[in-house]
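Me: I would like to learn how to read single features in a model. Please give the general idea each time, then the case at hand.

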Amino acid sequence: MLNVKNLSKSFGKKEVLRKVSFSLKPGERLHIIGKNGSGKSTIFKIITGILKQNSGTVELGEQDTIGALIENPGFLEYESGIENLKFLANLNNNYNEEKVKQLMEEFFLDPNDPQAVKKYSVGMRQKLGIIQAIMENQNIILLDEPTRGIDKESIQVFVDILTKLKNQNRSVIIASHDDIPGLAYDQELKLQDGVLISE
Ligand SMILES: Nc1ncnc2c1ncn2[C@@H]1O[C@H](COP(=O)(O)OP(=O)(O)OP(=O)(O)O)[C@@H](O)[C@H]1O
């Protein structure tokens, strides 16, 4: 359960968020729509604690764990895809090799590919970013423009994975400037001029 109440944030004189509120129940999928620079990443950064809001509150349940893909995900550039995922999951002592391999294969990434992430395409990096946000069974998942650079076939895989997450009662917030084909939402929120407009 995620409860965001009256979140406001300015950078200097620039107001980015004004009294943004929403709440997300288990299994719900929320779409935050807004143009570039409308404050989508800022909301995610506040929820994850990277940025501090000027006012307002973010409440999470005691058992909640957050997975997030925000902006361009950073990886160990000279390591392979699976080594990166292993490294990230191991930080939380939470590496499940079988699960990680399965997710990579679903996204048409070869877990045995020794290629360094440095050589990955934008779409391949994005897929690793999505996998790291869900591979530890996180139950509140924040995805910023998740399908950027991803081919049509893999977008369908992404939509299928989101269906599974929903069936597992895991909540997802997707921020994007447009719709993702084949994906339906429980809630949609539009950001405009620092204000989130509930539809
Ligand atoms: N650390 C910062 N310092 C100053 N201004 C910032 C900072 N972070 C974001 N901004 C500004 O706040 C506004 C909202 O940025 P944010 O990254 O949240 O937008 P966004 O909706 O995620 O955009 P995009 O779709 O381009 O990622 C932008 O005008 C941006 O320039």
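Reply: Begin with burial at one residue: Asn 169 counts as exposed, because its C-beta has 11 C-beta neighbours inside 10 Å. The classes come from a count of other C-beta atoms, placed from the backbone, within 10 Å of a residue's own: 20 or more is buried, 12 or fewer is exposed, and in between is partly exposed. This is a predicted model, in which local features need pLDDT of at least 70 and side-chain atom pairs count only at pLDDT 80 or more, while totals for chains, interfaces and linings use all residues. Residue numbers start from 1 along each chain as its sequence is written.

Me: Where is Asn 169 found, and what is its phi?

Reply: Most residues other than glycine have a negative phi. Asn 169 departs from this with a positive phi of about 65°. Asn 169 sits in the loop between helix H5 (152–167) and strand S7 (171–176). Asn 137 is another non-glycine residue with a positive phi, near 60°, and its place is the loop between H4 and S6. Asn 137 is exposed, as 12 other C-beta atoms lie within 10 Å.

Me: Which residues after H1 and H3 have a positive phi?

Reply: Just after H1 comes Gly 49, with a positive phi of about 85°. H3 is followed by Phe 108, with a positive phi near 60°.

Me: What is the order of helices and strands along the chain?

Reply: Both are DSSP runs numbered from the N terminus: helices are H or I with at least four residues, strands are E with at least two. The protein chain has five helices and nine strands, in the pattern β-β-β-α-β-β-α-α-α-β-α-β-β-β. The radius of gyration of the protein chain is 17 Å, close to the 16 Å of the globule rule for 199 residues, so the chain is as compact as a globular protein of that length. That radius is taken over C-alpha atoms, and the rule is 2.2 Å times the number of residues to the power 0.38. The C-alpha atoms fill a box of roughly 45 × 35 × 35 Å along the principal axes. Of the 199 residues, 39% count as buried.

Me: Which residues of helix H3 are buried?

Reply: An α-helix has 3.6 residues a turn, so residues three or four places apart point the same way. In H3 (residues 97–106) the buried residues are Val 100, Leu 103 and Met 104. They lie on the same side of H3, because they cover an arc of only 100° around the axis, the arc being that of the directions from the helix axis to the C-beta atoms. Glu 98 and Glu 105 are exposed residues on the face turned away from the buried side. The buried residues of H3 pack against helix H2 (81–91) and helix H4 (122–134).

Me: How many residues of H1 are buried?

Reply: Eight of the nine residues of H1 are buried, so H1 is largely enclosed by the rest of the structure. Among them are Lys 40, Ile 43 and Phe 44.

Me: Which residues surround the ligand?

Reply: A residue belongs to the shell if its C-beta atom, placed from the backbone, lies within 6 Å of the ligand. The ligand is surrounded by Phe 11, Val 16, Gly 34, Asn 36, Gly 37, Ser 38, Gly 39, Lys 40, Ser 41, Thr 42 and His 177. Helix H1 (residues 40–48) gives the most to this shell, with three residues.

Me: Which residues does Leu 24 touch?

Reply: Two residues are in contact if their C-beta atoms, placed from the backbone, lie within 7 Å. Not counting residues up to four places away in sequence, Leu 24 touches Leu 2, Leu 30, Ser 171 and Ile 173. Leu 24 lies in strand S2 (residues 14–24) and is partly exposed, with 18 other C-beta atoms within 10 Å. Across the protein chain, 72% of the contacts with a separation of 6 or more join residues 24 or more positions apart.

Me: Which element has the lowest mean pLDDT?

Reply: pLDDT is the predictor's confidence in each residue, from 0 to 100. Strand S9 (residues 195–198) has the lowest mean pLDDT, 63, and strand S6 (residues 140–144) the highest, 97. Where pLDDT is low, the predicted coordinates should not be read in detail. The protein chain averages a pLDDT of 93, and 97% of the residues score at least 70. For the complex, the predictor gives an ipTM of 0.93 and a pTM of 0.93.
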